[in-house]
Amino acid sequence: MTENQTIMPRIVLPEVTHRILKHFGLKASHRLGQNFLIAPAIVEGIVLAAEIQPGDRVLEIGPGIGTLTQALAEAGAQVTAVELDKKLPAVLAETLKGYDNVTIVPGDILKVDIKELMGEEPFKVVANLPYYITTPILLELLEKKLNISLIVTMVQKEVAERMVAEPGGKDYGALSVAVQYYTEPDIVLTVPPKSFHPAPEVDSVVIRCRRRNTPAVECKDEKMFFRVARASFGQRRKTLVNALKGAGFLKEDIERAVKYAGIDTGRRGETLSLEEFAGLADGFLKGE
Ligand code: SAM
């Protein structure tokens with residue numbers, strides 16, 4: 001921010017949000033997952049959870065009318081915000097006028113080259129995500145070897161429960177493994193529907209995923225680790241051995257890998273810990 005700039009009123013205040021929407025003739029688009037935050041305490045909580053220090057580089061996904069963007073900018077972050085809705089960059093140019101620490105990038109976050117956009121220096125991801133792309137975007141952020149230190153994001157409560165789930169329960173799956181392999185996730189806020197305009201039909205939470213310096217478990221080949229994990233969750237009611245067969249692994253390779261990892265053949269895939277998936281993946285590679 002520079003001195004003498006005109007700082008807008010706080011966009012998160014419900015009356016300000018409604019005024020902006022009315023002024024620009026905007027209606028929240030259901031298709032684009034638009035639920036604008038109108039709860040100051042939640043926006044403050046997100047900025048706090050992201051531990052924003054002046055100068056922090058932040059990628060925001062879906063700035064909308066600039067609600068969270070403004071709070072991040074006020075905290076001194078250098079914000080790059082990617083927005084798909086073609087109508088919004090012109091709106092953001094007005095609502096965030098005066099914040100020279102914000103760059104709006106029109107485009108689809110699933111198509112943008114994030115590495116090219118954010119470069120090699122560490123950055124944080126902060127977002128009130130459009131729920132229809134939560135899982136693909138999270139997997140992209142985790143698996144693309146980006147220099148992300150922290151992800152703080154609003155997600156549907158059920159998705160957060162899958163992200164933090166432990167082995168054995170119904171929520172534990174490929175997303176749990178990917179999130180926990182790369183990060184330490186914790187749920188930091190529960191967010192009732194009335195915090196948004198319009199109110200979504202689901203409960204939401206803010207989850208923080210702190211990147212680990214090294215992955216949670218050691219394995220020889222990450223690709224094999226994730227292939228095995230995905231295959232094991234592929235057919236949840238089958239035993240691990242049958243699920244792996246169903247995914248195209250050969251019987252003799254499965255027998256060798258299971259033995260190497262010391263896993264009981266009657267186990268079901270969704271009961272395996274990250275350590276056990278790593279052992280299994282290494283067991284598959286042993287004969288190659
Ligand atoms: N950040 C604002 C807030 O908290 O009030 C808006 C959040 S709203 C839940 C999600 C935003 O993501 C919308 O502005 C929507 O247009 C945008 N969006 C939807 N799909 C997108 C995509 N594929 N890439 C980038 N932005 C997207």
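**Entry 1: terms and model**

I count Ala, Val, Leu, Ile, Met, Phe, Trp, Tyr, Cys and Pro as nonpolar, Asp, Glu, Lys and Arg as charged, and the others, Gly among them, as polar. I also note at the start that this is a predicted model.

**Entry 2: the second largest cavity**

I began with the second largest cavity, which has a volume of about 30 Å³. Its lining has four nonpolar, one polar and three charged residues. I wrote down the names for anyone following along in the viewer: Leu21, Leu26, Lys27, Gln34, Phe36, Asp85, Lys87 and Leu88.

**Entry 3: the largest cavity**

How many cavities of 30 Å³ or more does a search of the whole structure find? I got two. The largest cavity holds about 370 Å³ of space. I find 26 residues lining the largest cavity, and those closest to its centre are Gly33, Gly62, Glu83, Asn128 and Pro130. Next I asked which elements give two or more residues to this lining. They are strand S1 (36-37), strand S2 (57-61), helix H3 (67-74) and strand S3 (78-83). Sorted by class, the lining of the largest cavity comes to 15 nonpolar, eight polar and three charged residues.

**Entry 4: the ligand**

I then turned to the ligand, which has 24 residues around it. Which of them come nearest? My list reads Gly62, Glu83, Asp108, Asn128 and Tyr132. Gly62, Glu83 and Asn128 caught my eye, since I had already noted them among the residues closest to the centre of the largest cavity.

I looked up the polar contacts one by one. A polar backbone atom of Gly62 is 2.8 Å from a nitrogen atom of the ligand. For Glu60, an N or O atom in the side chain is 3.4 Å from a ligand nitrogen. With Gly64 the ligand atom is an oxygen, 3.3 Å from a polar backbone atom of that residue.

**Entry 5: Arg208**

My last stop was Arg208, which sits in strand S9 (residues 204-211). Is Arg208 buried or exposed? I call Arg208 buried because its relative accessible area is 14%, and the cut-off for buried is under 20%. Where does its side chain reach at 3.0 Å? I traced it to the backbone oxygen of Ala49. Leaving out residues up to four places away in sequence, Arg208 touches Ala49, Glu51, Leu150, Ile151, Val152, Glu184, Pro185, Asp186 and Val188. Ala49 thus appears both in that contact list and as the partner of the Arg208 side chain at 3.0 Å.

Definitions and conventions:
Residues numbered from 1 in each chain as written. Predicted model: local features only at pLDDT ≥ 70, side-chain atom pairs only at ≥ 80, totals over all residues. Heavy atoms only, no water. 1 Å grid on protein atoms, 1.4 Å probe; cavity = no way out; pocket = protein on both sides within 12 Å on 5 of 7 lines; lining within 4 Å. Points joined across faces, edges and corners; volume = space filled by probe spheres on them. Helix = DSSP H or I, 4+ residues; strand = E, 2+ residues; numbered from the N terminus. Buried < 20%, exposed > 50% of the residue type's maximum accessible area, 1.4 Å probe, protein only. Polar contact = N/O pair within 3.5 Å; in protein donor to acceptor, adjacent residues only side chain to side chain. Contact = heavy atoms within 4.5 Å. Near = heavy atom within 4 Å.
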